[in-house]
Amino acid sequence: SACAQPLLDAILAELGLADVEAIGSEVAIGRSGVRAAFHNYGANKLVALKKIGVAAPWDVAYSDSRADLPMLQHAQQAVLVNPNARDERAVRAVLGGVAVERF
């Protein structure tokens, strides 16, 4: 997730999913406040996955954004979750077939 890791951990704990491994953005605290030390966004998701030993290709990748095209391109099955129309069009233009889940 592009979400800050501490926030992501808190959300998973609140949902009763504290044992789920999730990768968020690394944050650093400095004189100017909290900032992203590593923003887990776009192509950086590939870097973060590789860092923990998860190498492409993978069976399924889920996303809600076209920003994750670098990750989705390495999945046998790409799934968009509640995408907006613009993101869905952009992903379909690159990948062709893509599953879409809406709830």
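These legends accompany close-up views of a predicted model.

**View 1. The largest nonpolar core holds 11 residues.** Its members are Leu-49, Trp-58, Ala-61, Leu-69, Met-71, Leu-72, Ala-75, Ala-78, Leu-80, Val-91 and Val-98. Three elements give two or more residues each to this core: β3 (58-63), α3 (69-72) and β4 (75-81).

**View 2. Contacts of Met-71, a member of the largest nonpolar core.** Residues up to four places away in sequence are left out here. Met-71 then touches Lys-45, Leu-46 and Leu-49, along with Trp-58, Ala-61, Tyr-62 and Ser-63. Met-71 also helps line the largest pocket.

**View 3. Strand β4 pairs with β3 and with β5.** The β3 and β4 strands run parallel, joined by five bridges. Across this pairing, Tyr-62 stands opposite Val-79 in β4. Strand β5 (residues 99-101) is parallel to β4 as well, with three bridges between the two. Here Leu-80 has Val-100 of β5 as its bridge partner. From β4 the chain passes through helix α4 (residues 85-95) to reach β5, a right-handed β-α-β crossover. Cover over β4 is substantial: five of its seven residues are buried.

**View 4. The largest pocket contains about 370 Å³ of space.** Its lining includes Ser-1, Leu-8, Leu-12, Val-20, Glu-21, Ala-22, Ile-23 and Asn-40. Lys-45, Ala-48, Leu-49 and Met-71 line this pocket too. Helices α1 (5-14) and α2 (44-51) are the elements that give two or more residues to the lining. The most comes from α2, with three residues. Leu-49 appears both in this lining and in the largest nonpolar core.

Methods
Residues numbered from 1 in each chain as written. Predicted model: local features only at pLDDT ≥ 70, side-chain atom pairs only at ≥ 80, totals over all residues. Heavy atoms only, no water. Core = buried A, V, L, I, M, F, W, Y, C linked by side-chain atoms within 4.5 Å. Buried < 20%, exposed > 50% of the residue type's maximum accessible area, 1.4 Å probe, protein only. Helix = DSSP H or I, 4+ residues; strand = E, 2+ residues; numbered from the N terminus. Contact = heavy atoms within 4.5 Å. Pairing = 2+ DSSP bridges. Right-handed = clockwise from strand over helix to strand, strands pointing away. 1 Å grid on protein atoms, 1.4 Å probe; cavity = no way out; pocket = protein on both sides within 12 Å on 5 of 7 lines; lining within 4 Å. Points joined across faces, edges and corners; volume = space filled by probe spheres on them.
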